Structure formats: structure tokens, C-alpha cells
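Here are some short exercises to work through with the model open in your viewer. Try each task before you read its solution.

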Amino acid sequence: MADSLRLSRDEIIICFKDDVVKLMKFLPWLQSASGGASSSIYSGEGIDKSSMTVPVYDTTLLNFVKTAKTTDFINRNYVYTFSRYRMRTADDELRVISACALQDISILGDILSKYILKGEVRGAVWSEGVKNGVYLALLLKLKELMEIRQPLEY
């Protein structure tokens, strides 16, 4: 029964191709920004030391998050995947990303979901995805998996 629920390679590509194309427009920015800071603390005029700090996020990062939320990759039950694959650190996530095959594309979506959904509560998580290279690794892996059969048109 589990085999009948598995999609073929072509069906997976058809299901996720549009979402991958949407995310690929952010690849050049992630390649240049990965490993660096994509947010800063607002320090405008009239702000003293006892004031609450306000983070300012890169507009491209915010557009990436907004676009990612509209894809079928977002899954609110991502925590089960993290438990199943014992992912606790960014290094664990990068290890799993590099080992994923096309049939495991939902795992990549769950890793993306963690950063997007946790970032809604604690915005610094969005920046962590850029800084630790998880977003970049995810997009590169998606690109690699989807181009096995045919190149993507941007």
C-alpha cells in the first residue's frame, strides 16, 4: 500500500517544479549573502540605550520568506521529520540535505518549514538560515534534483 502512495520521478517534478522555479530567483542573492548577516539592529536618531532593540531585515530575505510561504513545501508538522532524522543542529540539517534524493523532497520542505515557521515567532531564525547556509544548500539541492530530467527555465 505504501508503494501505491509513492509518486514517480516525473510526478514529483510536475508537483514541485513551479515552487522550485519561484524559489530559484533568490539563488544569486543567497550565494552572495550566505554566511553573512542579513539583518541589523535599528539605531536611528532618538534611540537611547534603554530602548528596545528593533531588528531590520534585508528586503530580499523578507521576499524569500514571503515566497516560501506560498509554496507546497511548507508543512506545520516538520518537527516529526526532525525527530525521525535526529536533526538538532544546522550541521545535521546540512548533512540530511546533502543525502536527499528526489523521492525525499518532502524532507527538504520540512527543513525549509522549520526556518520559515519558527521565523514567524522569532524573526532571528530567518537570518540564521542565511548565515548557516541552510537556505543556500536547500536551493542548490532542489535545483540539482529537479534538473536531473530537464533543465529549469527561469
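**Exercise 1. Describe how helices α4 and α7 pack, starting from their axes.**

Step 1. In this predicted model, α4 and helix α7 (residues 105–121) pack at an angle of about 115°, and their axes are 10 Å apart.

Step 2. Now classify the angle. The range from 65 to 115 degrees counts as roughly perpendicular, and α4 and α7 are therefore roughly perpendicular to each other.

Step 3. Add the handedness: α4 passes α7 in a left-handed crossing.

Step 4. Finish with the residues that meet. Phe64, Val65, Ala68 and Lys69 come from α4, and they meet Leu112, Ile116 and Glu120 of α7.

**Exercise 2. Classify the aromatic pair of Phe26 and Phe64, then place both residues in the chain.**

Step 1. Begin with the count: six aromatic pairs are found.

Step 2. One of them joins Phe26 and Phe64, with 5.5 Å centre to centre and 80° between the planes. Planes over 60 degrees apart count as edge-to-face, and this pair is edge-to-face.

Step 3. Locate the partners. Phe26 sits in the loop between α2 (9–24) and α3 (27–33), while Phe64 belongs to helix α4 (residues 59–69). With these positions 38 residues apart, the pair links distant parts of the chain.

Step 4. Are the two residues buried or exposed? Buried means under 20% relative accessible area. Phe26 has 5% relative accessibility, so Phe26 counts as buried. Phe64 has 1%, so Phe64 counts as buried too.

**Exercise 3. Do the same for Tyr57 and Trp126.**

Step 1. Tyr57 and Trp126 form an edge-to-face pair, at 5.9 Å centre to centre and 70° between the planes.

Step 2. Tyr57 lies in strand β2 (residues 55–57) and Trp126 in helix α8 (residues 124–131). They are 69 residues apart, and this pair also links distant parts of the chain.

Step 3. Both Tyr57 and Trp126 are buried.

**Exercise 4. Which residues form one aromatic cluster with Phe26 and Phe64, and what lies over the face of Tyr115?**

Step 1. The cluster consists of Phe26, Phe64, Tyr115 and Tyr135.

Step 2. Lys114 lies over the face of Tyr115, 4.6 Å from the ring centre.

**Exercise 5. Summarise the whole protein chain.**

Step 1. List the elements: there are nine helices and two strands, in the order α-α-α-β-β-α-α-α-α-α-α along the sequence.

Step 2. Add the burial: 40% of the 154 residues count as buried.

Step 3. Close with the contacts. Among those with a separation of 6 or more, 72% come from residues 24 or more positions apart.

Note on methods:
Residues numbered from 1 in each chain as written. Predicted model: local features only at pLDDT ≥ 70, side-chain atom pairs only at ≥ 80, totals over all residues. Heavy atoms only, no water. Phe/Tyr/Trp six-rings, centres within 6.5 Å; stacked < 30°, edge-to-face > 60°. Helix = DSSP H or I, 4+ residues; strand = E, 2+ residues; numbered from the N terminus. Buried < 20%, exposed > 50% of the residue type's maximum accessible area, 1.4 Å probe, protein only. Lys NZ or Arg CZ within 6 Å of the ring centre and 35° of its normal. Axes fitted to C-alpha atoms, helices over the stretch in contact; angles between N-to-C directions. Parallel < 35°, antiparallel > 145°, perpendicular 65-115°, else oblique. Left-handed = near helix turned anticlockwise from the far one by under 90°. Contact = heavy atoms within 4.5 Å.
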